[in-house]
Amino acid sequence: MSLRLGTDFSGIDAPLQALRNLGVCVEYLFASEIAADVREHVRLHGSPDRLYDDVTTRDHTELPHVDLYVAGFPCQSFSLRGAHRGTSEPRGLLVQHSLAYIRHARPRVVVFENVPGLLTPRHRALLDETVTAMRSMGYSVDHRVLSARDFGCPQNRKRLFIVGIHGVATVPWPVAADADSTVLLEAAFAAGSGGKRVTLAERSTPRYEALISSYRTQQKAKGHDATRLAIFDMSRATACVCRPGTAPCITSGGNAHRLLWSTGDSYVWANVHHVLALQGFPPDYPLHGMSESRMRVAVGNSMVIGVMAALFANLLPFCADRKD
């Protein structure tokens, strides 16, 4: 099928990649990204017809109608990293620009992605206002938290999805996949094997040695097999062991740079190919013109491919239901 796509806060084009994974022929009509290097990636990788650098300065009435509109508006305002500042800062109000576009163009299907912090009492008003605004425009709207590890990505990452379908009564949510997360984690490790390999010994510090000792103690206390592949978040001040077969949540902050693979007494730092694989991207996914450090930040900010593909698979019939 052919689908007309528009994205805002586009990042490294996870929605486009998810649709391509589903075999969809995409007409990429517009995108937006404020970070110059990430925007250059979007230009070269997705080649949208229109590419904006700032949603707050464009004329929303000039944008075309699309079948699927996806916006991962900035999450920092609704997370601990952003001190839960919410709508008291400009980033917390950027969803209003998405609503302005929807009000003008009425895309068939709308997907918003953000952190579950929007469900907390501190930020719930913005969520409710967003849902109410979409319903007033004729959308059936529902929201749900989906976990990456339920959709083929072995990562402890939960995100809130708000879905609106124009004129349809019920939003069809994907069903969690039955997959062995340990196998998935091993596949992610293998996917990065062609990249640069740096061992713990090459970056050894007393702090890291103390964290490793703490991790091993926690693994033993929880009954985990320390000889199996695991991944540790070395950006933390204290150790926090994930359940077997699961990586910690990949973020744009420190842990995208300080993830450590462990198998018994063997340790290898995660490279950018590992991080891409943990987010569901092909390990050779082209990130044009970025340093490795910036790549890790961009990948940490991205949506998870497996979740997006599972969600889109259920929404494609509604995207195709058009008369124009």
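## Working through a predicted model

In β5, V111 is the bridge partner of V70. Keep in mind that this is a predicted model; now for some exercises.

**Exercise 1.** Work out which strands pair with β5, and in what sense.

*Solution.* Start from the V70–V111 bridge. Strand β4 (residues 68-71) runs parallel to β5, and the two share four bridges. Next, go to strand β7 (residues 158-166): here the pairing with β5 is antiparallel, over six bridges. To get your bearings on that side, find N114, which sits opposite L160 in β7.

**Exercise 2.** Is strand β5 (residues 109-114) largely enclosed or not, and why?

*Solution.* Sort the side chains by direction. V109, V111 and E113 point one way, while V110, F112 and N114 point the other way. Now check burial, where the cut-off is under 20% relative accessible area. Both sets turn out to be buried. That makes six of six residues, so β5 is largely enclosed by the rest of the structure.

**Exercise 3.** Decide how helices α3 and α4 lie relative to each other, and say what their contact is made of.

*Solution.* Take the axes of α3 (residues 95-105) and α4 (residues 124-136): they come within 11 Å and cross at roughly 5°. Angles under 35 degrees count as roughly parallel, and α3 and α4 are therefore roughly parallel to each other. Then list who touches whom: α3 brings V95, Q96, L99 and R103, and α4 brings L126, T130, A133 and M134. Sorted by class, that contact has five nonpolar, two polar and one charged residues.

**Exercise 4.** Place M295: is it buried or exposed, and which residues does it touch beyond its sequence neighbours?

*Solution.* M295 belongs to helix α8 (residues 292-301). Its relative accessible area is 18%, so it's buried. Skip the neighbours within four places in sequence, and M295 is in contact with V272, L287 and M290. For a distance check, try V275: it's 20 residues away along the chain, and its C-alpha atom is 9.5 Å from that of M295.

**Exercise 5.** Classify the ring pair Y215–F232 and say which parts it ties together.

*Solution.* A search of the whole structure gives eight aromatic pairs. In the pair of Y215 and F232, the centres are 4.1 Å apart and the planes 10° apart, which is stacked. Y215 is in helix α6 (residues 206-221) and F232 in strand β9 (residues 230-233), so the pair ties together parts 17 residues apart in sequence. Y215 and F232 are both buried. Before you go, look at F30, Y69 and Y101, which ring pairs link into a cluster.

Note on methods: Residues numbered from 1 in each chain as written. Predicted model: local features only at pLDDT ≥ 70, side-chain atom pairs only at ≥ 80, totals over all residues. Heavy atoms only, no water. Buried < 20%, exposed > 50% of the residue type's maximum accessible area, 1.4 Å probe, protein only. Pairing = 2+ DSSP bridges. Axes fitted to C-alpha atoms, helices over the stretch in contact; angles between N-to-C directions. Parallel < 35°, antiparallel > 145°, perpendicular 65-115°, else oblique. Contact = heavy atoms within 4.5 Å. Nonpolar A, V, L, I, M, F, W, Y, C, P; charged D, E, K, R; others polar. Phe/Tyr/Trp six-rings, centres within 6.5 Å; stacked < 30°, edge-to-face > 60°.
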